[in-house]
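Trainee: I would like to learn how to read the features of a protein model. Could we go through one together?
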Amino acid sequence: MDASEVQTADPRDRGGPAQPLLIVRDLKRHFPIKGGLLNRAVGTVQAVDGVSFSVMKGETLGIVGESGCGKSTTARLLMRLIEPDSGEVIFDGEPVGPGGMALSEMRRQIQMVFQDSYASLNPRLPIEDSIAFAPTVHGVPKAKARARARDLLAAVGLAPEQFARRYPHELSGGQRQRVNIARALALEPRVIVLDEPVSALDKSVEAQVLNLLVDLKRDFHLTYVFISHDLNVVQFISDRVLVMYLGQVAEVGPVEDIYGAPRHPYTRALLASRPSMDPAKRMTEPPLTGDPPNPINPPSGCRFRTRCAFAEAVCAERVPVLAGLVPHDSHLAACHMAAAGSGHSRAPT
Amino acid sequence: MTTETLEQRPAAATTPLVSVRDMTVKFVSKEATVHAVNGVSFSLDPGEVLVILGESGSGKSVSLRALMRLLPARKTVIGGSITVAGQDVLAMDERQLEDLRGGQVAMIFQEPMTALDPVFTIGTQIAETIIRHEGVSRAAADARALELLELVQIPSAKRRLSNYPHELSGGLRQRAMIAIALACRPKLLLADEPTTALDATVQIQILLLLRKLQQELGMGVIFVTHDLGVAGEIADRVAVMYAGRFVEEGPVSEVMLRPLHPYTQGLMGSTVHAGLRGTRLAAIPGAPPNLARLPEGCAFAPRCASVEEACRVAVPDERRPIPIHMARCIRV
């Protein structure tokens, strides 16, 4: 990867190019549902249930899945905006938490951009002050932080002399999202977690912002975690893709493998559900029936089995392990059909 | 309107179901006048599917609501003429509008949770519509409600009749809303981004269901969306809307495969699809115009790569290289 050459020149780099910038291990978060007369817990939402992945330096990991699959919760657990029940995050070889990297330091290295560009900016601050806010909190002198904010505005394509003193409500959705990206860059982070950053934008503006993200990644030596429900956008921007279903990883691998040779039936259905742009190639049957099941009481065994056309007895009995077909496979799927000796009639022998 | 008129099949298939001429919609307030729709003309045949494609603020939803006069009466000025199923919508009084809405014309929305009444069961809401428009007994309406839930492929329909909206998943809620819309066998279904809030695997189910029902029931459908893929799956004809005008209109295959207007071409170019990885997206620069301060001439001119002096002088006329395909661009 040519991006890794750039990364080795980064003085902040400790582990070297082979050390993943982020390792997430067995992240878990269950939310209790309170109800009844005494407001006792009456159930749990298994929002994220044992998610593990790693992100290499300079790469973009795309996370896709339908609403309620836990992709946004995963991002928030990663940033510790929500406290995980269990699991660990390792940043460039150093565990985050007591005895390791301090939370404040991790949050300086990982920044986040949210879907709602308006809600994530202070409506009473001119945008240059919003961008300069975090650096001043971290001890950068005000004048210097403001000068840098203007540079960043220019970097995201907003002329500072025209935009610096404007308030968020004076900007369009696309411009506001550029401001949020500039603000995320203000602390010179190494990772940006983008949670549906273009989903609220019109198509013509979405393309502008995607092009900008590609440029910034190169210019600022960034690593992205890009969360989206839009399969086309994820394919465009990602090097590797992680598919989530009901709080778990269904499949993960290089973008060409996930889109070209998906192994999990859910990934295949998701890809087949994309409407075609060609009216001559209309779909006749939907690839999946029904809605994603409720994450409060997920099905036993494989969580996808209730919607899967290939489900057999083994799928209800045992949870499929996320594994590759060969040792050290970069493409992993959690499906009994992809696991030799799983007992599924379609499993490789 | 009585039941007899509802049961009448269109006498002559040649008369259009919807005929709109020079429709304008203005929102007037003390601060500003917003020109949301600026001269839209089209007609829709019975059983035809027209998709209006546009970005936010293009006037697509306002146009749709104007057809049923669902806009706040005090602030809205609608001009031109709107005829639906032979009736002049702009001349109707409140009572006639109530007969029209949910009777001959029905509408489905993006967010079923706000369109459905949270305190009544799905069955009650469907039956109520039928009783209001067709004057049948409660028992007959209930029986028809069950038929309708089966028609929209809701599993265990009988049990679902007694569910409240919050007890249903997003996809089932959208199906229930479609069932209510179809309760009085409308001739025209207006759909305002009904699949936008749904997950990918559910969106395609609802699209295919709507297409199937439209064909079986022979309804005319006007479907508003920002999603080119949706248009590709469901449209007979596509109209592309920009700053309150149709800038291009034609059969779906013509518009999608041989777009004439630079805006349509830009929209196709900036829509991310497979095979664009590693390339630079052909984004349209800038943003859509403010509808309170529209530019003179072609509203797309400030963003257009091939703009000429003449573009800024007057709004381009409709041009038709072939009779069925229209674009408002002087270069066509």
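Mentor: We start with a definition: a salt bridge is a side-chain nitrogen of Lys or Arg within 4 Å of a carboxyl oxygen of Asp or Glu. Keep in mind that the model here is predicted.

Trainee: How many salt bridges are there between chain A and chain B?

Mentor: The count between these two chains is two. In one salt bridge, Arg280(B) pairs with Asp215(A), and the closest N and O atoms are 2.8 Å apart.

Trainee: How many residue pairs are in polar contact across the interface of chain A and chain B?

Mentor: There are 25 such pairs, with both residues at pLDDT 80 or more. On chain A, helix H8 (203-219) and helix H9 (231-237) each supply at least two residues of the side that touches chain B. H8(A) gives the most to that side, with eight residues. By type, the residues on the side of chain A that touches chain B divide into 15 nonpolar, twelve polar and twelve charged.

Trainee: How is the size of an interface given?

Mentor: It is often given as the accessible area lost when the parts come together. Between chain A and chain B, the buried area is about 3,500 Å², and carbon and sulfur atoms give 54% of that area. Phe236(A), Met277(A) and Arg282(A) supply 20% of the area that chain A buries against chain B, more than any other three residues. Counted by residues, the contact takes 39 from chain A and 44 from chain B.

Trainee: Next, disulfides. What is a disulfide?

Mentor: A disulfide is a covalent bond between the sulfur atoms of two cysteines. This structure holds zero disulfides over all chains.

Trainee: Why is Cys315(A) not bonded to Cys302(A)?

Mentor: The cut-off for a disulfide is a sulfur pair within 2.5 Å. Cys302(A) has the cysteine sulfur closest to that of Cys315(A), but the two are 6.0 Å apart, which is too far for a bond. Cys335(A) is in no disulfide either: the nearest cysteine sulfur, in Cys308(A), is 6.4 Å away.

Trainee: Are Cys315(A) and Cys335(A) buried or exposed?

Mentor: A residue counts as buried when its relative accessible area is under 20%. Cys315(A) is buried, with a value of 8%. Cys335(A) also counts as buried, at 8%.

Trainee: Where does His325(B) lie, and is His325(B) buried or exposed?

Mentor: His325(B) lies in strand E12 (residues 325-327) of chain B. With a relative accessible area of 2%, His325(B) is buried. Its side chain makes a polar contact of 3.2 Å with the side chain of Glu254(B). Leaving aside neighbours within four places in sequence, the residues in contact with His325(B) include Glu248(B), Val255(B), Leu260(B) and Arg319(B).

Trainee: The last feature is the backbone angle phi. Which sign does phi have in most residues other than glycine?

Mentor: Most residues other than glycine have a negative phi. Leu246(A) is not a glycine, yet has a positive phi of about 45°. Leu246(A) is placed in the loop between strand E9 (240-245) and strand E10 (248-254) of chain A. At 4% relative accessible area, Leu246(A) is buried.

Trainee: What is the phi of Asp22(B), and is Asp22(B) buried or exposed?

Mentor: Asp22(B) has a positive phi of about 50°, although it is not a glycine. Asp22(B) is found in strand E1 (residues 18-28) of chain B. Its relative accessibility is 51%, so Asp22(B) counts as exposed.

Definitions and conventions
Residues numbered from 1 in each chain as written. Chains lettered and ligands numbered in written order. Predicted model: local features only at pLDDT ≥ 70, side-chain atom pairs only at ≥ 80, totals over all residues. Heavy atoms only, no water. Contact = heavy atoms within 4.5 Å. Buried area = accessible area lost by both parts, 1.4 Å probe. Polar contact = N/O pair within 3.5 Å; in protein donor to acceptor, adjacent residues only side chain to side chain. Helix = DSSP H or I, 4+ residues; strand = E, 2+ residues; numbered from the N terminus. Nonpolar A, V, L, I, M, F, W, Y, C, P; charged D, E, K, R; others polar. Buried < 20%, exposed > 50% of the residue type's maximum accessible area, 1.4 Å probe, protein only.
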